[in-house]
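User: Hi! I have a protein model open and would like to understand the labels attached to it. Could you walk me through the reasoning behind them?

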Amino acid sequence: MKEAGTMQSKKKKFKFKNPNAYFLIMIIILLATIATWIIPAGQYDRVIDETSGKEVVDPESFRYIEKTPVGIFDTLKAIPEGMILSAGIISFVFLTSGAVAVVKSTGAIDAGIIKVVEKLKGKDLPLLIIMIVIFSLWGSLLGASRELIPFIPLGVTLANSLGYDRVVGFHIVRTSAWVGFAATTINPRVVGVAQEMAGLPLLSGLSYRIIVFIVFMLISTAFFLRYAKKVKEDPRNSILYGYEGEMDPEQFKVDEEFSKFTTRHKLVLILFALNIVVLVYGTAKLGWGTNEMGALYLGTAIICGLVGGLDPQSIGREFSKGMSFVTSGLLIAGFTRAIAVILEQGQILDTIIYALSQPLSHVSGAVTAIGMFVLYSIITFFIGSASGRAAATLPIFIPLSDILGITRQTTVLAFVLGGGITNMLWPNMIYVISFADIPYDRWFKHILKLVMYLMVAGAVAIALAYYMNYGPF
């Protein structure tokens, strides 16, 4: 009996539960390395597209080449190389996280949240819906992604104050933006690039994309609010129930010391809001990247800190503290980038795209259109960049759609929807959920339901686009 009890405790001890994010990424990196030894190396020629002026693949040029499998040492080297390639996003998030910590240390954010909670007094549903709409539109119109990371802890803090869990706070900020990005309407970095390469008038077909966005919004909002309601009724319904977090939960709580909402607090929040306005203008009109956005947040942190009553020493201390909170999760971005580095070194990315595209040439009609949509949802695992996906695949799929009688606008829609929905699942977002301290295994099981709902809605949208000859051509 005693031996049986010992065996039982051993089994319990070694139960595979809540795997560490770095462990998961290392497994995927290992699988990518093995793939370079198994999958034949292949290559498309790259040419300059006359319409867009961008470098794209020549769809008729695929050929198998000599294998270049990646060795163990090169696999390990891919990780620091991935970090170097991800330096822009890493430095940006460090700066923004430090800036938000400075603003929070003034008490303005805590006092503002306390004031909002007092005003609502149980009527928090409208606030959740408003935030979902705002962040969804930000994702759909401007393709916001990295810019939203500093708002995740704020969303989590607000959700906790209203009696929800961290997942609800993450949903109203980042997942909402993901859904908006998936059903993008005018985002120039996705729709603009794809339509330019397809030779379509820029922003053409907008009315139908707006309808698709509204459908996606209704589905996701219902999903978020249903989950929020279940968590508020019984905390045991939270996917985080029983999970021992890796971050200090106190950083997601409001400091009741700042219950009085002072004029100084209001000025700090006004300045922070102006920072967001400038950020949106800079990214939309001036083509700002991570360097400019990081500089803006750094300057905002200093000004807000001084207006909020902090001395330079305190600003520096709080800024450093804010950066330290995100270090562990943020470096995952470099690890995930290593996957792409390995696939490129092994020269199997083109082979994967070629193999995925071949079945489409043997079917026709709506099945092909939906097939493109499904393939894009897979390809986004290998190529995270929308412009990279467009350059690698549209020169293949556009001629194919012409041959099979599918409008180019339908192909672009498949590119847009397929390239966004599964972003919520793939490993390149593990570092994003880490900012709300959500374990990947629980997240995957939870969000998979929403992904499936949106995939069905997306397939229906693509089929309808095919049958109505979604155009102009």
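Analyst: Happy to help; below, each label is set against the cut-off behind it.

User: How do you know how far to trust this model?

Analyst: This is a predicted model, so the place to start is pLDDT, the predictor's confidence on a scale from 0 to 100. The protein chain averages 85, and 92% of the residues score at least 70. Helix α10 has the highest mean among the elements, 96, while helix α1 (residues 2-13) has the lowest, 47.

User: What makes residues 1-16 stand out?

Analyst: Over residues 1-16 the pLDDT stays under 50. The model has one contact beyond four places in sequence for that stretch.

User: Why is the pair Lys77 and Asp74 called a salt bridge?

Analyst: The label needs a side-chain nitrogen of Lys or Arg within 4 Å of a carboxyl oxygen of Asp or Glu. For Lys77 and Asp74 the N to O distance is 3.9 Å, so the pair meets the 4 Å limit. Both residues lie in helix α3 (residues 72-85), three residues apart, or about one turn of the helix.

User: And why are those two called partly exposed?

Analyst: That label covers relative accessible areas between the buried limit of 20% and the exposed limit of 50%. Lys77 has 35%, so Lys77 is partly exposed. Asp74, with 33%, is partly exposed too.

User: How do you know that Asp124 and Lys232 form a salt bridge?

Analyst: Their closest N and O atoms are 3.2 Å apart, so the pair passes the 4 Å test. This pair links distant parts of the chain, 108 residues apart: Asp124 is in the loop between α5 (108-120) and α6 (125-142), and Lys232 is in helix α10.

User: Which label does each partner get, buried or partly exposed?

Analyst: Asp124 has a relative accessible area of 4%, which is under 20%, so Asp124 is buried. Lys232 has 38%, so Lys232 is partly exposed.

User: What makes Arg236 exposed, and which residue does Arg236 form a salt bridge with?

Analyst: The relative accessible area of Arg236 is 56%, over the 50% limit, so Arg236 is exposed. The salt-bridge partner is Asp234, with the closest N and O atoms 3.0 Å apart. Asp234 has 21% and therefore counts as partly exposed, the buried label being kept for values under 20%. A search of the whole structure finds nine salt bridges.

User: What makes the nonpolar surface patch a patch?

Analyst: A residue must have over 30% relative accessible area and no salt bridge, and nonpolar side chains are joined within 5 Å. The patch covers about 620 Å² and is made by Leu125, Ile129, Val133, Leu137, Leu141, Ile186, Leu202 and Leu203. Take Leu202, in the loop between α9 (188-198) and α10 (206-233). At 60% relative accessibility, Leu202 is over the 30% needed for a patch and, being over 50%, counts as exposed.

User: What makes the largest nonpolar core, and which residues have the most contacts inside it?

Analyst: Core residues must be buried and nonpolar, joined through side-chain atoms within 4.5 Å. The largest core has 149 residues, and those with the most contacts inside it are Phe151, Phe170, Phe216, Tyr431, Ile438 and Trp443. Helix α20 (residues 440-467) gives the largest share of this core, 12 residues. Phe216 touches partners including Val179, Ala182, Leu417, Ile421 and Leu454.

User: How do you know that Gly305 is buried?

Analyst: Gly305 has 0% relative accessibility, under the 20% limit, so Gly305 counts as buried. Gly305 lies in helix α12 (residues 290-307) and touches Val102, Thr106, Leu310 and Ile315, leaving out residues up to four places away in sequence. The C-alpha atoms of Gly305 and Val103 are 6.3 Å apart, although 202 residues separate the two along the chain.

User: Why is Thr351 called buried?

Analyst: Thr351 has a relative accessible area of 5%, again under 20%, so Thr351 is buried. Thr351 is found in helix α15, and among the residues Thr351 touches are Ile39, Pro40, Phe62 and Tyr64.

User: What makes Gln347 worth a look?

Analyst: Gln347 has a positive phi of about 55 degrees although it is not a glycine. Gln347 sits in the loop between α14 (332-345) and α15 (349-357). With a relative accessible area of 24%, between 20% and 50%, Gln347 is therefore partly exposed.

Terms used:
Residues are numbered from 1 along each chain as its sequence is written. This is a predicted model: local features need pLDDT of at least 70, side-chain atom pairs count only at pLDDT 80 or more; totals for chains, interfaces and linings use all residues. Side-chain values use heavy atoms; hydrogens and water are left out. Patches are made of residues with over 30% relative accessible area and no salt bridge: like charges are joined within 9 Å, nonpolar side chains (Val, Leu, Ile, Met, Phe, Trp, Tyr) within 5 Å. Accessible areas come from the Shrake-Rupley method with a 1.4 Å probe; for residues, only the protein chains shown count as cover. Helices (H or I, at least four residues) and strands (E, at least two) are DSSP runs, numbered from the N terminus. Buried means under 20% relative accessible area, exposed over 50%, partly exposed in between (1.4 Å probe, protein chains only). Contact means heavy atoms within 4.5 Å.
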